[in-house]
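Colleague: I am new to this structure and would be grateful for a close look at a single part of it. Please choose one element, describe it carefully, and then follow its surroundings outwards.

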Amino acid sequence: MLGIGNKTNLNDGTKLTIHNDIKQAFDKANIVEKIIYINVFLFLITVLFTKYIIEWFALPSNLDSYLYKPWAIVSYAFIHQNLFHVLSNLLVLYYLGNLFLNFYTKKQFLNFYLLGGIFGGVIFLGYYYFIDKTSALPLAGASAAVTTIFIAIATKIPRYALQLRFIGSVELWVLAAIWVVLSILQLANPDKGSAIAHLSGAIFGYMYAKQLSKGNDIGSWFESILDFFTNLLQPKKKAAFKTVYKSKKRTSTNVVSKTRQRKIDDILDKISKSGYESLTKEEKDFLFRAGKK
């Protein structure tokens, strides 16, 4: 009996260690990696309970059915039904999402990702309500949201070159154009709902990035909503005693942040005009370090 008890305690300890390791990895991850972890976790849940998950969390093409599960306009973008779908989306998201963070904030990443998915879902519903009255398969997958990120960063730095194995250097705008053309070709399929969502995400990503370049953040209202719920769920922190010291530190941090952002903007202008390869080693290193912060 003692041996059995020790074995039980060992198993419990192992489970606790694994749980702590997973939690620690999630806490240390950046916003792109956290979105990836959530997608992977929900994919595993979907594999186990496919019928239930698709029925309640995928986005139906019928508007009347959608009204019974309004959360589906967001939840569909985190549900994948097959391994290739989730792998292709998350690989693109990992590389381009981390590149995206070199030029935008993590809050802006969430704005692009979530609003792009929502916009794709709205156009999907609108198409089958106003244009095509036939029923279609429910919409599931992060493709619209990922496409939004892809097109947004390609709009921001179109001349940025990626080094692809067996191919060589390819500028971002070329890859984005290929991605969009593939979605356009999918419109020829009988079930064209996913292609409509992809292209809607592409349009939204382009418009949002263009507006941001003009100093107009069309997603700031959504960011305010996210901040409200985030603050609502977080425990209140005690006020710091050394308010004068913290004020000075905050002022110093803001000055450093603005100087860093100006340098990033100068490098971006150089990339837009002459391409990524025109950067000096120092400028490339600076962009790399900025993306890590």
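**A kinked helix and its surroundings**

Modeller: Helix H6 has a kink of about 25°, centred on Tyr94. The bend at a residue is the angle between axes fitted to the seven residues ending there and the seven starting there; helices (H or I, at least four residues) and strands (E, at least two) are DSSP runs, numbered from the N terminus. The model is predicted, so local features need pLDDT of at least 70 and side-chain atom pairs count only at pLDDT 80 or more, whereas totals for chains, interfaces and linings use all residues. Residues are numbered from 1 along each chain as its sequence is written, and side-chain values use heavy atoms, with hydrogens and water left out.

H6 covers residues 83-100, and its 18 residues should span 26 Å at 1.5 Å a residue. The expected span is 1.5 Å times one less than the number of residues. The C-alpha atoms at the ends of H6 are 25 Å apart, which agrees.

Among the buried residues of H6 are His85, Asn89, Leu93, Leu96 and Phe100; buried means under 20% relative accessible area, exposed over 50% and partly exposed in between, with a 1.4 Å probe and protein chains only. An α-helix has 3.6 residues a turn, so residues three or four places apart point the same way. The cover over the buried residues of H6 includes helices H2 (31-48), H7 (106-131), H8 (143-156) and H9 (172-185), together with strand E1 (161-164).

Leu93 leads on to the nonpolar core, a set of buried Ala, Val, Leu, Ile, Met, Phe, Trp, Tyr and Cys residues joined through side-chain atoms within 4.5 Å. In the largest such core, of 66 residues, Leu93, Phe109 and Tyr113 have the most contacts. Not counting residues up to four places away in sequence, Phe109 touches Leu93, Gly97, Phe100 and Leu101, and also Ile31, Val32, Ile35 and Ile149; contact means heavy atoms within 4.5 Å. A second, separate core has five residues, including Ile53, Ala58, Ile79 and Ala140.

Phe100 and Phe109 also belong to one aromatic cluster, with Phe78, Tyr104, Phe112, Tyr113, Phe119, Phe204 and Tyr208 as its other members. The structure holds 19 aromatic pairs; rings of Phe, Tyr and Trp (its six-membered ring) pair if their centres lie within 6.5 Å, and planes under 30 degrees apart count as stacked, over 60 as edge-to-face and the rest as tilted. One of the pairs, Trp56 and Trp71, is stacked, at 6.3 Å centre to centre with 20° between the planes.
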